[in-house]
Amino acid sequence: MNTPVTEQLHRNAIGLDARPLSDVAALLAKSQAKAASAPMDAVDPICEGAVTMAATIRAEGVLRYLAAGSSGLMAAADALELGGTFSIPAHQVRIHMAGGLPSNSEMPGDVEDISTTLTDELADLTVRDTLIAVSASGTTPYTVAAARIARDKGAKVIGIANNAGTELLQLAHHAILLPTPPELVSGSTRMGAGTAQKIALNMLSTLMAMELGHIQDGMMINLRADNDKLRARANGIVCQLTGVTSEQAESALNAAEGNLKCGALVAAGARSAEAAQALLNEENGHLRRAMNRLKHKNDNINLGETK
């Protein structure tokens, strides 16, 4: 049986511990940089997975991030950012990690071999949901079992693994292979494999947000402004999008009760926050299209007034 790439010995590993730390540091950096290019080989399935995730959010389904060990930490990091960054409702994001999310500095290892709790964990999974399952090896029992359950229940499965031809990728509707080289410290997939996983997960969620209309001109136009830094960012985004002053942007955001998209439309000339929301609903949440319609409507009104 061939040893999985993620478990193989790196060609620079022999004598590694006898080399100066500066040499090892350079090798570690180069190894991480090489791993970071792995998602470039998976752009198509990543894009397809992002579209599926967006469809789940629109259908009021749940995005279920599931993994064990280091992969679980990568998955959880992406899931936990979706609320503040893109205002994805908390009830539409679920984190499943073998053994549960750590509450201290210890992370149990044996739980990734146990999948008996999954039936209960995924009892409420529906056809509207999407499972984002991550495993460096592609064979983790906990993760593979979850993918099987999701498929049986009619949910979509996005599988992320660092070894080709593995069971997780075979079960996935969207198979994302991240072909990272052997780790400099053999089997320590928190390093290169984890780096590639984090990039792929970030790509998935960011592209999903674009599909949902939550990003415009490189700005997070659906952020949840729940602290001073983010309130200032929201104000700056409205100014950037509409050309109004900071004071006018603040007034528009207040009228929209902090809703950035509605605030931008109010600043651009919508008669009320309710009218702004109606316009957004008609354009499926896409601010650019809503602003174009508002501009066209206002231009027609101004044209009529000049006749």
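The exercises below work through a predicted model of one protein chain, each with a solution in steps.

Residues are numbered from 1 along each chain as its sequence is written. Because the model is predicted, local features need pLDDT of at least 70 and side-chain atom pairs count only at pLDDT 80 or more, while totals for chains, interfaces and linings use all residues; side-chain values use heavy atoms, with hydrogens and water left out.

**Exercise 1. The chain as a whole**

Task: State how many helices and strands the chain has, and what percentage of its residues is buried.

Solution. Begin with the elements, which are DSSP runs numbered from the N terminus (helices: H or I, at least four residues; strands: E, at least two); the chain has 12 helices and seven strands. Next take burial, where buried means under 20% relative accessible area, exposed over 50% and partly exposed in between, with a 1.4 Å probe and protein chains only; buried residues make up 46% of the 307 residues. For the extent, the C-alpha atoms fill a box of roughly 80 × 50 × 35 Å along the principal axes. Finally, with contact meaning heavy atoms within 4.5 Å, residues 24 or more positions apart account for 66% of the contacts that have a separation of 6 or more.

**Exercise 2. Strands S1 and S3**

Task: Determine which strands pair with S1 (residues 63-67) and in which direction they run.

Solution. Two strands pair if DSSP finds at least two bridges between them. Strand S1 is joined to S3 by five bridges, and these two run parallel; five bridges also join S1 to S2, again in parallel. Leu63 serves as a reference point, since its bridge partner in S3 is Thr130 and its bridge partner in S2 is Val93. From S3 (residues 130-135) one can then step to S4 (residues 156-161), to which six bridges join it in a parallel arrangement, with Leu131 standing opposite Val157.

Task: Decide whether the faces of S1 and S3 are buried or exposed.

Solution. In a regular strand the side chains alternate between the two faces of the sheet. On S1, Leu63, Tyr65 and Ala67 lie on one side and Arg64 and Leu66 on the other, and all are buried; five of five residues are buried, so S1 is largely enclosed by the rest of the structure. On S3, Thr130, Ile132 and Val134 point one way and Leu131, Ala133 and Ser135 the other, and all of these are buried as well.

**Exercise 3. The two sides of helix H9**

Task: Explain why the buried residues of H9 (residues 246-255) lie on the same side of the helix.

Solution. First list the buried residues, which are Ala249, Ala252 and Leu253. They cover an arc of only 100 degrees around the axis, taken from the directions from the helix axis to the C-beta atoms, and this puts them on the same side of H9. An α-helix has 3.6 residues a turn, so residues three or four places apart point the same way. These buried residues pack against helix H8 (228-242) and helix H10 (260-267), whereas the face turned away from the buried side carries the exposed residues Glu247 and Asn254. After the helix comes Glu257, with a positive phi near 55 degrees.

**Exercise 4. Two loop residues**

Task: Classify Ile88 and Leu101 by their relative accessibility.

Solution. Ile88, in the loop between helix H3 (69-86) and S2, has 3% relative accessibility and therefore counts as buried. Leaving aside neighbours within four places in sequence, Ile88 is in contact with residues including Ile57, Val93 and His214; from His214 it is 126 residues away in sequence and 9.8 Å away in space, C-alpha to C-alpha. Leu101, in the loop between S2 (93-97) and helix H4 (118-121), counts as partly exposed at 46%. Not counting residues up to four places away in sequence, Leu101 touches Ala76 and Ile95.

**Exercise 5. The largest pocket**

Task: Describe the lining of the largest pocket by residue and by class.

Solution. A pocket is defined on a 1 Å grid over the protein atoms alone, as an open set of points where a 1.4 Å probe fits, with protein on both sides within 12 Å along at least five of seven lines, and lining residues have an atom within 4 Å of a point. The lining has 17 residues, of which Ile57, His214, Asn222, Lys261 and Gly285 lie nearest the centre. Helix H2 (43-58) and helix H11 (273-282) are the elements that give two or more residues, and H11 gives the most, with three. By class there are five nonpolar, nine polar and three charged residues, where Ala, Val, Leu, Ile, Met, Phe, Trp, Tyr, Cys and Pro count as nonpolar, Asp, Glu, Lys and Arg as charged, and the others, Gly among them, as polar.
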